[in-house]
Amino acid sequence: MRQYIDDYIQSLENKLKMKSVKPEVIDELLIKIEFFNKERIIHLIITLFYALFTVIFICHIRVSILYLIFALFTICFLIPYIIYYFKLEARVQYLYKIYDKLKNSD
């Protein structure tokens, strides 16, 4: 997904540089932003569940040392999910800025 967004951003920046912006490009951008927002929501929910389970496992370490294994396992997934989510968030916010530039270039 990251490569897809980066390629799409690059194509939009090229269109902005060449000043060849058609109304269809703006409409397509709005549709893609909606898709990327859905992707963002899904990854936010997944990240929050991993964080919740990590906290639960950490709180239960006193009960059994086995929870430490589960906590480490969820932390191993939580950290990459947080990184991915914030990168996705930054790219979508950059698409908002590109949208503003496209709207103002008309």
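**View 1. The buried residues of helix α2 pack against two other helices, α1 and α3 (66-104).** In this predicted model, the buried residues of α2 are V25, I26, L29, K32, I33, F36, E39, R40, H43, T47, T54 and F57. Helix α2 covers residues 23-59, and helix α1 covers residues 2-18. With 37 residues at 1.5 Å a residue, α2 should span 54 Å, and because its end C-alpha atoms are 54 Å apart, the expected span and the model agree.

**View 2. A salt bridge joins the side chains of R91 and D6, with 2.6 Å from N to O.** R91 belongs to helix α3 and D6 to helix α1, so this pair ties together parts of the chain that are 85 residues apart in sequence. R91 counts as buried because its relative accessibility is 17%, whereas D6, with a relative accessible area of 28%, is partly exposed. Side chains of opposite charge can pair when their charged atoms come close. The structure holds three salt bridges, and the next two views show the others.

**View 3. E89 and R40 form a salt bridge in which the closest N and O atoms are 3.1 Å apart.** Since E89 lies in helix α3 and R40 in helix α2, the pair ties together parts that are 49 residues apart in sequence. Both partners are buried, E89 at 17% relative accessibility and R40 with a relative accessible area of 16%.

**View 4. Within helix α2, E28 and K32 are partners in a salt bridge, and the two residues are four apart, about one turn of the helix.** The closest N and O atoms of E28 and K32 are 3.8 Å apart. E28 counts as partly exposed, its relative accessibility being 34%, while K32, at 15%, counts as buried.

**View 5. A nonpolar patch on the surface is formed by I41, I45, F49, L52, F53 and I56.** Together, these residues have about 540 Å² of accessible area. One of them, I45, has its place in helix α2 and is partly exposed, with a relative accessible area of 42%.

**View 6. The confidence of the prediction, given as pLDDT, averages 91 over the protein chain.** A score of at least 70 is reached by 99% of the residues. Among the elements of the chain, helix α1 has the lowest mean pLDDT, at 88, and helix α2 has the highest, at 93.

How values were computed. Residues are numbered from 1 along each chain as its sequence is written. This is a predicted model: local features need pLDDT of at least 70, side-chain atom pairs count only at pLDDT 80 or more; totals for chains, interfaces and linings use all residues. Side-chain values use heavy atoms; hydrogens and water are left out. Patches are made of residues with over 30% relative accessible area and no salt bridge: like charges are joined within 9 Å, nonpolar side chains (Val, Leu, Ile, Met, Phe, Trp, Tyr) within 5 Å. Accessible areas come from the Shrake-Rupley method with a 1.4 Å probe; for residues, only the protein chains shown count as cover. A salt bridge is a side-chain nitrogen of Lys or Arg within 4 Å of a carboxyl oxygen of Asp or Glu. Buried means under 20% relative accessible area, exposed over 50%, partly exposed in between (1.4 Å probe, protein chains only). pLDDT is the predictor's confidence in each residue, from 0 to 100. The expected span of a helix is 1.5 Å times one less than its number of residues. Contact means heavy atoms within 4.5 Å.
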